[in-house]
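Hi everyone, and thanks for coming. I would like to walk you through a structure that may be new to you, so please have a look at it with me.

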Amino acid sequence: MNMQNLIQQAQKIQREMQKEKEELYETVFKISKNGIVTLEIYGNKTIKAINIEPDALEKDNKEMIETAIKTGLDDIYNAIDQKEVEIEEKYSKTPGGFGF
């Protein structure tokens, strides 16, 4: 395989990986914590929505709600990071790809 073909193949792989990442960034990840908080986050880690069940809005539940939001965000961000790693690994293991 000549150098020009390698460059074209690498550029194609890069375009495909970028397309998958853009799709990931537009994907909405949703998680519910303790039945009181529902979070929706785009794959680019922008918050789409935070919904707190009205029944949970009592003074005694403040700490529980805060904890549910924090753990929910952590879980979603970890899922997004893992999906991004999977996309990168998919293309870095392609023959002639970035993992030469």
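I will start with confidence, then take the helices, the sheet and a few single residues.

Please keep in mind that this is a predicted model. The mean pLDDT of the protein is 88, and 92% of its residues reach 70 or more. Where does the confidence sit among the elements? Strand 2 has the highest mean pLDDT, at 96, and helix 1 has the lowest, at 91. As a general reminder, where pLDDT is low, the predicted coordinates should not be read in detail.

Let's begin with helix 1. This helix covers residues 3-26, which makes 24 residues. From first C-alpha to last, helix 1 reaches 35 Å, close to the 34 Å expected at 1.5 Å a residue. At the N-terminal end, Asn2 acts as the cap of helix 1. A side-chain oxygen of Asn2 lies 3.1 Å from the backbone nitrogen of Gln4.

Which residues of helix 1 are buried? They are Ala10, Ile13, Met17, Lys21 and Leu24. Look at the spacing of those numbers with one general point in mind: an α-helix has 3.6 residues a turn, so residues three or four places apart point the same way. And what covers these buried residues of helix 1? The cover includes strand 1, residues 28-33, and helix 2, residues 62-92.

One name in that list may catch your eye, and that is the lysine. Lys21 sits in helix 1, and it counts as buried because its relative accessibility is 12%, under the 20% cut-off. Leaving aside neighbours within four places in sequence, Lys21 is in contact with Glu84, Ile87 and Glu88.

Let's follow that first contact across. Glu84 belongs to helix 2. Is Glu84 buried or exposed? With a relative accessible area of 19%, Glu84 is buried. Again leaving aside neighbours within four places in sequence, Glu84 touches Lys21, Leu24 and Tyr25. Glu84 and Tyr25 are 59 residues apart in sequence, while their C-alpha atoms are 9.3 Å apart in space.

Now for the sheet. This is an open sheet of three strands, in the order 1-2-3, with antiparallel pairing. Strand 1 and strand 3, residues 47-52, stand at the edges, and each has a single partner strand, so one side of each is left without a neighbour in the sheet. On average, neighbouring strands of this sheet are turned by 10 degrees against each other, direction ignored. In general, strands of a sheet pair through backbone hydrogen bonds, either parallel or antiparallel.

Let's take the two pairings in turn. Strand 1 and strand 2 are antiparallel and pair over six bridges. One of the bridge partnerships here sets Ser32 against Thr38 in strand 2. The two strands form a hairpin with three residues between them. In that loop between strand 1 and strand 2 you will find Asn34. What is the phi of Asn34? It is near 55 degrees, a positive value in a residue other than glycine. Asn34 is also exposed, with a relative accessible area of 60%.

Then comes the second pairing. Strand 2, residues 37-42, is joined to strand 3 by five bridges, and the two run antiparallel. Ile41 has Ile47 in strand 3 as its bridge partner, and Leu39 has Ile50. Helix 2 packs on the sheet, touching strand 1, strand 2 and strand 3. The direction of helix 2 makes about 30 degrees with that of strand 2.

The hairpin of strand 2 and strand 3 has four residues between the strands. Lys45 lies in this loop, and its phi is positive, about 75 degrees, although it is not a glycine. At 33% relative accessibility, Lys45 counts as partly exposed.

Let me finish with a link back to the place where we began. Glu26 lies in helix 1, and it is exposed, with a relative accessible area of 62%. How far is Glu26 from Lys45? They are 19 residues apart along the chain, and their C-alpha atoms are separated by 9.7 Å.

So, to recap, there are two places to revisit in the viewer. One is the contact of Lys21 with Glu84, and the other is helix 2 packing on the sheet. Thanks for listening!

Technical notes
Residues numbered from 1 in each chain as written. Predicted model: local features only at pLDDT ≥ 70, side-chain atom pairs only at ≥ 80, totals over all residues. Heavy atoms only, no water. Expected span 1.5 Å × (residues − 1). Buried < 20%, exposed > 50% of the residue type's maximum accessible area, 1.4 Å probe, protein only. Contact = heavy atoms within 4.5 Å. Polar contact = N/O pair within 3.5 Å; in protein donor to acceptor, adjacent residues only side chain to side chain. Pairing = 2+ DSSP bridges. Axes fitted to C-alpha atoms, helices over the stretch in contact; angles between N-to-C directions. pLDDT = per-residue confidence, 0-100.
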